[in-house]
Amino acid sequence: MRDVREWTASLVRFVKRRRDPMVVQTLRAAAAATIAYVVALRLSPEPAPLTAPLTALLVVQVTLYATLTNGIRRVNSVVAGVLVAIAFSLLVGLTWWSLALLIIASLAVGRLVRVEEYVPEVAISAMLVLGVTTHGDTAWARVVETLIGAVVGFGCNLLLAPPVWVDEAGESIEGLARRVRQLMLRMGEEAAGRTPVERATERLHEARRLDHDIVEVDAALRQAEDSLRLNPRVREGLLHRVVLRTGLDTLEICTVVLRVLARTFTDLAKERDPEPLFAPETGAAVERLLSEIADAVVSFAVLVTSHVSESAESAESRLAAELRQAAATRDKLAQLLLEEVQRDARSWQLYGAVLTEVNRILDEMDTEHRSRRLFEELDRTSREQGERMPRLTRLRESLRDSERLRVPEVLRRNPDGAGRRSS
């Protein structure tokens, strides 16, 4: 009985982790490879048709968009390699010099057919086929197995729909915002007192390390964007992609400006050592301002990752209130810095730089600036998409218009849950 409870608890934990990318990818890839092998056993003349599960394993990716693009390139690479091998087997056979020529020709053909990262697969397929005795039968059996693996990989993604990775991207964006907040709080606390040059330099290095975090968040966002493309479970995929992308762009600008602000604090520490960076009252205003901006950064991240319209409205109201409070504190700080410069003009340039950098962060997170940037990006993306695929765009617009006609008028006036995404 105890073993059953432990097994049940393990199953519950596993189910809770079902959205984990590694878990989902492992299960889907294993299922696709197994099914491809079973089908290939019946259709391929080979006793162990391992090319089919291998192809299915490589074709099945985390997102439907990646599966389609990688599957087509994978099939093209294998077929190209098989054709090159057939030509060499008929002309020269397998020798050390023909193997060298085969590799060169396969890599060149791979570049010509534009299989991108699967260029080495062309040479691998050609060498495997050329190395066997019955060239023709094995070559075409390999083509059949490859097609079986690709079809099974596509089918598994249609039947076992890949998840939408927007939640994971949102968590990454919010995590980045919280790390920015923690650094701002530390900088504000230290600015209120005497800051040694070594500590200010350490904060500068922390700000620079945020660049690595942005790279990781960008990778998670690209995965989310791919999961929204060609996904029938998502209605407003373009809107979701643009909201997240513009939100990350804003946070990236804020981190860059924060790094510049950390450099300004470091220069202030060097110039005013052993004195404090600011007078006591001014330092307290700097600490309060950075604390308010830090809270606004987190609210901004919550806003761009909100799923439901009500949550987005609440997050936008909170962000607007925090930005208004920060702007009032900024005005008070500007007056204090002016008074301090009038008493001691040594650091007036650096004090001006502090205000400039703070203003830039506040402007980037301003709700009106965000809305304007969002509409501009939506127009640009829609225009580029229409230029690349005009027929598909017209078909999508006609389907959208016909769907609006079927929606009751009361729902069009009050679209409860509009913007909700499937997970």
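## Close-ups of an all-helix model

**Overview. The chain has 16 helices and 0 strands.** Keep in mind that this is a predicted model. The average pLDDT over the chain is 77, and 74% of the residues reach at least 70. One stretch to treat separately is residues 403-423, where the pLDDT is below 50. Beyond near neighbours in sequence, that stretch still has 17 contacts in the model. Of the chain's 423 residues, 44% count as buried. Look at contacts between residues at least 6 apart in sequence, and 78% of them turn out to join residues at least 24 apart.

**View 1. Helices α8 and α11 run alongside each other in opposite directions.** Here we have α8 (residues 166-191) and α11 (residues 280-304), whose axes come within 8 Å and cross at roughly 175°. Since angles over 145 degrees count as roughly antiparallel, that crossing makes α8 roughly antiparallel to α11. What sits in the contact of α8 with α11, by class? There are 16 nonpolar residues, along with 3 polar and 6 charged ones.

**View 2. Ala285 is a buried residue of helix α11.** Ala285 has a relative accessible area of 1%, so it counts as buried. Leaving aside residues up to four places away in sequence, Ala285 touches Thr329, Leu333 and Leu336. Lys332 is worth picking out too: Ala285 and Lys332 are 47 residues apart in sequence, yet their C-alpha atoms are 7.6 Å apart in space.

**View 3. Ala33, in helix α2 (residues 21-43), touches Pro53, Ala56 and Leu57.** That list doesn't count residues up to four places away in sequence. Is Ala33 buried or exposed? Its relative accessible area is 14%, and under 20% means buried, so Ala33 is buried. From Ala33 to Thr51 it's 18 residues along the sequence and 9.7 Å in space, C-alpha to C-alpha.

**View 4. Arg114 has a positive phi without being a glycine.** You'll find Arg114 in the loop between α5 (96-112) and α6. Most residues other than glycine have a negative phi, but for Arg114 phi is about 60°. Arg114 is also exposed, with a relative accessible area of 69%.

**View 5. Helix α6 covers residues 119-130.** From its first C-alpha to its last, this 12-residue helix reaches 17 Å, close to the 16 Å expected at 1.5 Å a residue. Which residues of α6 are buried? They are Val119, Glu121, Val122, Ala123, Ser125, Ala126, Val129 and Leu130.

**View 6. Helix α13 (residues 348-365) agrees with its expected span.** With 18 residues at 1.5 Å a residue, α13 should span 26 Å, and its end C-alpha atoms are indeed 26 Å apart. Several of its side chains are worth labelling: the buried residues of α13 include Leu350, Tyr351, Val354, Leu355, Val358, Ile361 and Leu362. Glu357 and Glu364 are buried as well.

**View 7. Phe375 is an exposed residue in helix α14 (residues 367-388).** Its relative accessible area is 55%, and anything over 50% counts as exposed, so Phe375 makes the cut. Val243 is 132 residues from Phe375 in sequence, while the two C-alpha atoms are 9.7 Å apart in space.

Technical notes: Residues numbered from 1 in each chain as written. Predicted model: local features only at pLDDT ≥ 70, side-chain atom pairs only at ≥ 80, totals over all residues. Heavy atoms only, no water. Axes fitted to C-alpha atoms, helices over the stretch in contact; angles between N-to-C directions. Helix = DSSP H or I, 4+ residues; strand = E, 2+ residues; numbered from the N terminus. Parallel < 35°, antiparallel > 145°, perpendicular 65-115°, else oblique. Nonpolar A, V, L, I, M, F, W, Y, C, P; charged D, E, K, R; others polar. Expected span 1.5 Å × (residues − 1). Buried < 20%, exposed > 50% of the residue type's maximum accessible area, 1.4 Å probe, protein only. pLDDT = per-residue confidence, 0-100. Contact = heavy atoms within 4.5 Å.
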